[in-house]
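Got your viewer open? Let's take a short walk through this one, one selection at a time.

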Amino acid sequence: MATKKVPLRMCIGCREMKPKAELYRVVKTPDGNIVIDKTNKLSGRGAYICKCGDCLKKAEKTNALAHTFSIAVDKQIYSQLAKECENS
């Protein structure tokens with residue numbers, strides 16, 4: 001039986017390719033809002049970040065989400081991601 005292909009995505013913090021299931025997805029919706037996509041099905045431009053605190057800190061320091069989405073990103077998004085990391 002053939003093995004199923006695992007989709008890989010690049011973390012914006014560490015810049016490593018990892019399985020999609022191991023990453024959080026952050027989306028810039030068509031109306032310009034930045035939200036954390038827990039369902040991985042929201043429409044819009046997506047960026048992925050590891051579920052560990054180190055990548056999150058690195059992404060916040062380099063302002064990676066703002067560069068990816070070409071829009072200012074509130075610190076609230078980073079704090080929400082930090083809470084998600086603590087819960088998982």
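**Stop one: an aspartate side chain**

Select Asp37 and Lys41: a polar atom of the Asp37 side chain sits 3.0 Å from the backbone nitrogen of Lys41. Add Leu42, whose backbone nitrogen the Asp37 side chain reaches at 3.1 Å. (A polar contact is a pair of N or O atoms within 3.5 Å; within protein, one must be able to donate a hydrogen and the other to accept it, and residues adjacent in sequence count only if both atoms are side-chain atoms.)

Before moving on: this is a predicted model, where local features need pLDDT of at least 70 and side-chain atom pairs pLDDT 80 or more, while totals for chains, interfaces and linings use all residues. Residues count from 1 along each chain as its sequence is written, and side-chain values use heavy atoms, leaving out hydrogens and water.

Is Asp37 buried or exposed? Asp37 counts as buried, because its relative accessibility is 4% (buried means under 20% relative accessible area, exposed over 50%, partly exposed in between, with a 1.4 Å probe and protein chains only).

**Stop two: the sheet**

Asp37 belongs to strand β4 (strands are DSSP runs of E, at least two residues; helices are runs of H or I, at least four). Now show the open sheet, three antiparallel strands ordered β4-β3-β5. Strands pair if DSSP finds at least two bridges between them. β4 (34–37) and β5 (45–50) each have a single partner strand, so one side of each lacks a neighbour in the sheet. Zoom in on β3 (residues 23–28), joined to β4 by four bridges, and find Lys28 opposite Ile34.
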